[in-house]
Amino acid sequence: MAQDPKESLGDGPCRFAPVGEKSFSEQLASLSTEERACYDELKSRWEKKDRGFVYPDEMYLRFARCSPGPEKFNAKAAWKVMKNYDSRYLELTAASMEKQILSKVRNFDVLLGICFFLGKIKIQRSTWSTYLPD
């Protein structure tokens, strides 16, 4: 009998993590010298000045790894993104946005219904309404 994923992953955010992904400490240890220098520069530069909040360590690595442009781990490009990043996004959860998400889903349900009624799409209502909340 297959093991219930909830048993192995628990109720927390780990249940959404890809299987086999390296931990943060393993990812940090696997960085090259130049990549680690970029990470360290971003972290020290941000934390040197009081900016009202501090990013989690994982975010410094994400900014470095996902820096815009053809060259990854570009401290200058990543710094621009960090300065403009809205800290509200660090606190967002699906639970805190439940009302907004449900309204968007319901609006989508209405839009699909109209398109179906007008004959713009050829699907059975039961196909897409099964996945929508009551």
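Me: How do I read the way H3 passes H5: is the crossing left-handed or right-handed?

Reply: Look at the pair with one helix in front and see which way the near helix is turned from the far one: clockwise, by less than a right angle, counts as right-handed. In this predicted model, H3 passes H5 in a right-handed crossing. The two helices pack at an angle of about 35 degrees, and their axes are 10 Å apart.

Me: Which residues make that contact?

Reply: From H3, look for Cys38, Glu41, Leu42, Arg45 and Trp46. H5 answers with Ala75, Ala78, Trp79, Met82 and Lys83. Sort them by class and you get 7 nonpolar, no polar and 3 charged residues.

Me: Is there a general trick for spotting which residues of a helix face a partner?

Reply: Yes, there is. An α-helix has 3.6 residues a turn, so residues three or four places apart point the same way. With that in mind, look again at H3, where Cys38, Leu42 and Trp46 are among the residues touching H5.

Me: What about H4 and H5: at what angle do they pack?

Reply: Start with the directions of the two axes, then check how far apart they lie. H4, residues 57-65, and H5, residues 75-84, pack at about 125 degrees, with axes 8 Å apart. An angle from 65 to 115 degrees would count as roughly perpendicular and one over 145 as roughly antiparallel, so H4 and H5 are oblique to each other. H4 also passes H5 in a right-handed crossing.

Me: And which residues of H4 and H5 meet there?

Reply: H4 brings Tyr60, Phe63 and Ala64, while H5 brings Ala78, Val81 and Met82. By class, this contact has 6 nonpolar residues, with no polar and no charged ones.

Me: How do I find the middle of the largest nonpolar core, and which members touch the most others?

Reply: Look for the members with the most links to the rest. This core has 17 residues, and Leu42, Tyr55, Phe63 and Met82 touch the most other members. H3, H4 and H5 each supply at least two residues, and H4 gives the most, with 5.

Me: Pick one of those. What does methionine 82 touch?

Reply: Skip residues up to four places away in sequence, and methionine 82 touches Leu42, Trp46, Tyr55, Tyr60 and Phe63.

Me: Which residues of H4 are buried?

Reply: Buried means under 20% relative accessible area. In H4, Met59, Tyr60, Leu61, Phe63 and Ala64 pass that test. Their cover includes H2, H3 and H5.

Me: How about glutamine 27: buried or exposed?

Reply: Glutamine 27 is in helix H2, residues 24-29. Its relative accessibility is 14%, so glutamine 27 counts as buried. Leaving out neighbours within four places in sequence, glutamine 27 is in contact with Glu21, Lys22, Leu61 and Arg65.

Me: And where does glutamate 47 sit?

Reply: Glutamate 47 belongs to helix H3. With a relative accessible area of 38%, glutamate 47 is partly exposed. Apart from neighbours within four places in sequence, glutamate 47 is in contact with Val54, Tyr55 and Tyr60.

Me: Stepping back, how many helices and strands are there?

Reply: Count along the chain: there are 7 helices and 0 strands, which reads as α-α-α-α-α-α-α. Of the protein's 134 residues, 17% count as buried. Among contacts with a separation of 6 or more, 41% join residues 24 or more positions apart.

Methods:
Residues are numbered from 1 along each chain as its sequence is written. This is a predicted model: local features need pLDDT of at least 70, side-chain atom pairs count only at pLDDT 80 or more; totals for chains, interfaces and linings use all residues. Side-chain values use heavy atoms; hydrogens and water are left out. Axes are lines fitted to C-alpha atoms, for helices over the stretch in contact, and angles run from 0 to 180 degrees between N-to-C directions. Helices (H or I, at least four residues) and strands (E, at least two) are DSSP runs, numbered from the N terminus. Angles under 35 degrees count as roughly parallel, over 145 as roughly antiparallel, 65 to 115 as roughly perpendicular and the rest as oblique. Contact means heavy atoms within 4.5 Å. Ala, Val, Leu, Ile, Met, Phe, Trp, Tyr, Cys and Pro count as nonpolar, Asp, Glu, Lys and Arg as charged, and the others, Gly among them, as polar. A nonpolar core is a set of buried Ala, Val, Leu, Ile, Met, Phe, Trp, Tyr and Cys residues joined through side-chain atoms within 4.5 Å. Buried means under 20% relative accessible area, exposed over 50%, partly exposed in between (1.4 Å probe, protein chains only).
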